[in-house]
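Biologist: Please take one part of this model and look at it closely, saying what lies around it and how each term is meant.

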Amino acid sequence: MRLEVVEGEFTVSKVSGMHEVNLAAPWLFIGRTDAETSVVCLSAHAPVHCLAREDGWRAFRVAGQMDFGLTGVLAGLATVLAQASVSIFALSTFDTDYILVKKENLSKALEALASAGHEVEWLV
């Protein structure tokens with residue numbers, strides 16, 4: 001499987017409302033449930049006022065569009081990373097899956113994935 005490392009550092013935050021979120025940010029993922037609203041974006045565009053914030057994430061994604069019928073893709077990647085003692089924050093979009101790891105674990109994560117037979121490409 002081909003993985004693409006996304007350029008930039010990301011922040012995961014929990015906000016009290018959408019008024020905190022820069023909807024014009026170039027990279028933005030919002031998860032909203034009955035219990036919370038979470039935002040993932042480039043750190044430069046992270047909400048200033050938030051309930052909680054975790055900086056220092058790097059991201060990579062499964063390259064290309066994934067068919068909805070595929071099973072086990074995210075689980076397989078997560079298993080490799082768990083075996084390498086790398087914790088993840090996972091996101092899924094219509095097209096593909098994204099995995100965020102703390103920036104200090106990025107090299108370790110990519111080495112583990114490459115050793116498991118995955119191809120890693122850096123996006124610039």
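Modeller: A residue is called buried when its relative accessible area is under 20%, exposed when it is over 50%, and partly exposed in between, with a 1.4 Å probe and protein chains only. This is a predicted model, in which local features need pLDDT of at least 70 and side-chain atom pairs count only at pLDDT 80 or more, while totals for chains, interfaces and linings use all residues. Residues are numbered from 1 along each chain as its sequence is written, and side-chain values use heavy atoms, with hydrogens and water left out.

The part I have chosen is helix H1, residues 73-83; helices (H or I, at least four residues) and strands (E, at least two) are DSSP runs, numbered from the N terminus. Its buried residues are Val73, Leu77, Val80 and Leu81. Seen down the axis of H1 they fall within an arc of 95°, so they line one face of the helix, the arc being that of the directions from the helix axis to the C-beta atoms. In general, an α-helix has 3.6 residues a turn, so residues three or four places apart point the same way. The face of H1 turned away from the buried side carries the exposed residues Ala82 and Gln83, and just after the helix Ser85 takes a positive phi of about 60°.

Leu74, which also has its place in H1, counts as partly exposed because its relative accessibility is 24%. Not counting residues up to four places away in sequence, Leu74 touches Ala90, Ser92, Asp97 and Ile99, where contact means heavy atoms within 4.5 Å.

The cover over the buried residues of H1 includes strand S1 (2-15), strand S4 (52-62), strand S6 (97-102) and helix H2 (106-115). H1 and H2 pack at an angle of about 115°, with their axes 9 Å apart; axes are lines fitted to C-alpha atoms, for helices over the stretch in contact, and angles run from 0 to 180 degrees between N-to-C directions. Leu77, Val80 and Leu81 in H1 meet Ala109, Ala112 and Leu113 in H2. The residues of this contact divide into six nonpolar, no polar and no charged, with Ala, Val, Leu, Ile, Met, Phe, Trp, Tyr, Cys and Pro counted as nonpolar, Asp, Glu, Lys and Arg as charged, and the others, Gly among them, as polar.

Two residues of H1, Leu77 and Leu81, are also among those with the most contacts inside the largest nonpolar core, together with Phe60, Val101 and Leu113, and this core has 17 residues. A nonpolar core is a set of buried Ala, Val, Leu, Ile, Met, Phe, Trp, Tyr and Cys residues joined through side-chain atoms within 4.5 Å. S1, S4, H1, S6 and H2 each supply at least two residues of this core, and H2 gives the most, with five residues.

From the partner helix, Leu106 has its place in H2 and counts as buried because its relative accessibility is 5%. Leaving aside neighbours within four places in sequence, Leu106 is in contact with Val5, Arg58, Phe60, Val101 and Trp122.
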